2 protein chains.
Amino acid sequence: MDQINVFAPATVANVGCGFDVMGFAIESIGDEISIKKTGKPGLKITEITGCEGLPTDPEKNVATIAIQALLDSLNNKIDYGFELKLSKNVMAGSGLGSSASSSAAAVLGVNELIGKPYSKKELVQFAMEGERAASGLPHADNVAPSLLGGFTLVRSYNPLDIIELDYPKELYVSIVHPQIEVKTSDSKKILKREITLKDAITQWGNVGGLVSGLAKGDYGLIGRSLEDVIAEPVRSMLIPLFHEAKESALNEGALGCSISGSGPSIFALSKYKNTAKNIGEAFKNVYHSNEIEANVYVSNINPIGAEIIK
Amino acid sequence: MDQINVFAPATVANVGCGFDVMGFAIESIGDEISIKKTGKPGLKITEITGCEGLPTDPEKNVATIAIQALLDSLNNKIDYGFELKLSKNVMAGSGLGSSASSSAAAVLGVNELIGKPYSKKELVQFAMEGERAASGLPHADNVAPSLLGGFTLVRSYNPLDIIELDYPKELYVSIVHPQIEVKTSDSKKILKREITLKDAITQWGNVGGLVSGLAKGDYGLIGRSLEDVIAEPVRSMLIPLFHEAKESALNEGALGCSISGSGPSIFALSKYKNTAKNIGEAFKNVYHSNEIEANVYVSNINPIGAEIIK
């Protein structure tokens, strides 16, 4: 096999209380990468569509940085190179794991072309190098669900320990991406480096509740646990109409609603697909009636993650 | 029915990473209370055995304080009183939920004698008033598992939300109670009121991992998650030979080992009963070879919690 097309889904990181550790994959949007073997070692990006301003320099693009980390781990045993065409559907700066989708798709594709030396879970460490290039920190809370699908927990970074969480099949997500820019760096800066033990206890009570609710399929518990006392109270200030959007989702019957990643996208979880659709409409109304452009997505949880297509 | 005997088990709170929110019940030790209806309203403690220095004044003993909270909730509809005999097996100051066992047994017994107006879960709020009297704070992380059995999570205090966690049937605990005094107040004071966001993230990653590991019956994950970066590093300084005891448990094959409640008791979890027994022996050796008296308990997780006996 000399050529391959890969899809890796957009993701929602943090999931309310699970700041920096939890994430899940979305079904309806993601990035596609077409990867072709070339005769000589070396990486090249020949095309990027769907998103302006991303670097085609292989030393600067997260996809090729992630691939290089994978190749480095094999001590240059691979005596050929790769050419990539990126088709981006996850907007950079959306809070939906744009760089993670590209990194995840890239390492899955190259891993396949070189004879699958790694499992999907093992590929997380290489995709994380794309995240390091994008944000300065090798986060796994987007790349893990983008590769593995479903809900994931980064139990530990040192050593890296990614847990695939059980969750109920009937679970839907509504997402609104208001077309405003929130820089991840601003969104990081606004967080305090020290928090009260009291708030931390509230947060880990909710993390326990969310993981238990997902495992039991206890929708009420999932909803009650989707509460973030650490990041949401400060980051929501950077997102216009956040509280109106959240209230509209809860009014439509959302289990819970919070910021996706570092924003500005907002997600809500629902037990029923119809509820999720209604929430999508409600999200749209909040932003459109205030003259702010906003894209809305309604989707299942993606159970598969990154995959070879066609 | 005019007279009843109740048993409520000792408990391990915190469970490593689950500081202030998690707890589980032990099978082999607990408090017994004999409760008798009397003609006139009022509470009386006629006997306390097994533990010296506990108050018999009904306004000062946690058992009668918890009962009074229950009776108050019924607006004095009960026109008779109760006499209690307490038989304590859980030592006060052991870190095994001594006050919680008494409070849990007391409210379960009276609830039964007055026609069961409350479920076990609803009784938690009254038993918490015993905890308020004992430590100044109405904690639920011992009373919840003592009443309900198994592993519990206090997801939230306001509103109170107690979750009964799924866990594998094959799971054993070894406990050592070195006979030294650690005051809960000292053990509280030593904790910082502010923690770094980084440590908090580590802790809630582990809480998520522990809840998931218990639900899946993934023993490796349970073990890796039994890591406490908040309380254990400071509280262990108050417990002589803590690190030696922990090391001996891990050497015998414990899944993990940490402080029970605020100490000085130490607990270890194991997949096999034989491992748990060996850990009990190892615990004993560590303390006895250093001339420190220590009681050792080896037990299943108690799946039932407080119960009527005889």
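1. Two strands are taken to pair if DSSP finds at least two bridges between them. In this predicted model, strand β5 (residues 151-157) of chain B meets that criterion with β6(B), the two running antiparallel over 6 bridges. Within the pair, V154(B) faces I162(B) of β6(B). The connection from β5(B) to β6(B) is a hairpin of 2 residues. P159(B) is located in this loop between β5 and β6 of chain B, and the peptide bond leading into P159(B) from N158(B) is cis, with omega near 5 degrees.

2. A second cis peptide bond links G263(A) to P264(A), again with omega near 5 degrees. P264(A) belongs to the loop between β9 and β10 of chain A. The flanking strands, β9(A) and β10 (residues 266-270) of chain A, pair in the antiparallel sense over 4 bridges, and C257(A) is placed opposite A268(A) in β10(A).

3. β9(A) and β10(A) are part of an open sheet of 4 strands in chain A, ordered β9-β10-β7-β11, with antiparallel pairing. The edges are formed by β9 (256-259) and β11 (294-300) of chain A; each has a single partner strand, so one side of each is left without a neighbour in the sheet. Neighbouring strands of this sheet are turned by 15 degrees against each other on average, direction ignored. Helix α9 (residues 242-251) of chain A lies across β7 (172-178), β9 and β10, and runs at about 10 degrees to β10(A).

4. As a whole, chain A contains 10 helices and 12 strands. Its radius of gyration is 19 Å, which agrees with the value near 19 Å for a compact globule of 310 residues. The C-alpha atoms occupy a box of roughly 60 × 40 × 35 Å along the principal axes. Of the 310 residues in chain A, 56% are buried. Among contacts in chain A between residues at least 6 apart in sequence, 73% join residues at least 24 apart.

5. Between the chains, 36 residues of chain A are in contact with 36 residues of chain B. On the chain A side, β5 (151-157), β6 (160-165), β8 (194-196), α6 (197-216) and α7 (219-225) each supply at least two residues. The largest share of that side, 14 residues, comes from α6(A).

6. Helix α3 (residues 120-135) of chain B merits separate comment. Its 16 residues reach 22 Å from the first C-alpha to the last, close to the 22 Å expected, and α3(B) has a kink of about 25 degrees centred on F126(B). F126(B) is also one of the buried residues of α3(B), which include L123(B), A127(B) and G130(B). These buried residues pack against α1 (62-73), α2 (98-113), α4 (143-148) and β6 (160-165) of chain B. Just after the helix, G136(B) adopts a positive phi of about 90 degrees.

7. Two backbone conformations in chain B should be read against a general background: most residues other than glycine have a negative phi. N14(B), although not a glycine, has a positive phi of about 80 degrees; N14(B) lies in the loop between β1 (3-13) and β2 (22-38) of chain B. K116(B), also not a glycine, has a positive phi of about 55 degrees and lies in the loop between α2 and α3 of chain B. As to their surroundings, N14(B) counts as buried because 26 C-beta neighbours lie inside 10 Å, whereas K116(B), with 10 such neighbours, counts as exposed.

Terms used:
Residues numbered from 1 in each chain as written. Chains lettered and ligands numbered in written order. Predicted model: local features only at pLDDT ≥ 70, side-chain atom pairs only at ≥ 80, totals over all residues. Expected span 1.5 Å × (residues − 1). Bend = angle between axes of the 7 residues up to and from the residue. Buried ≥ 20, exposed ≤ 12 C-beta atoms within 10 Å, placed from the backbone. Contact = placed C-beta atoms within 7 Å. Rg over C-alpha atoms; globule rule 2.2 N^0.38 Å. Axes fitted to C-alpha atoms, helices over the stretch in contact; angles between N-to-C directions.
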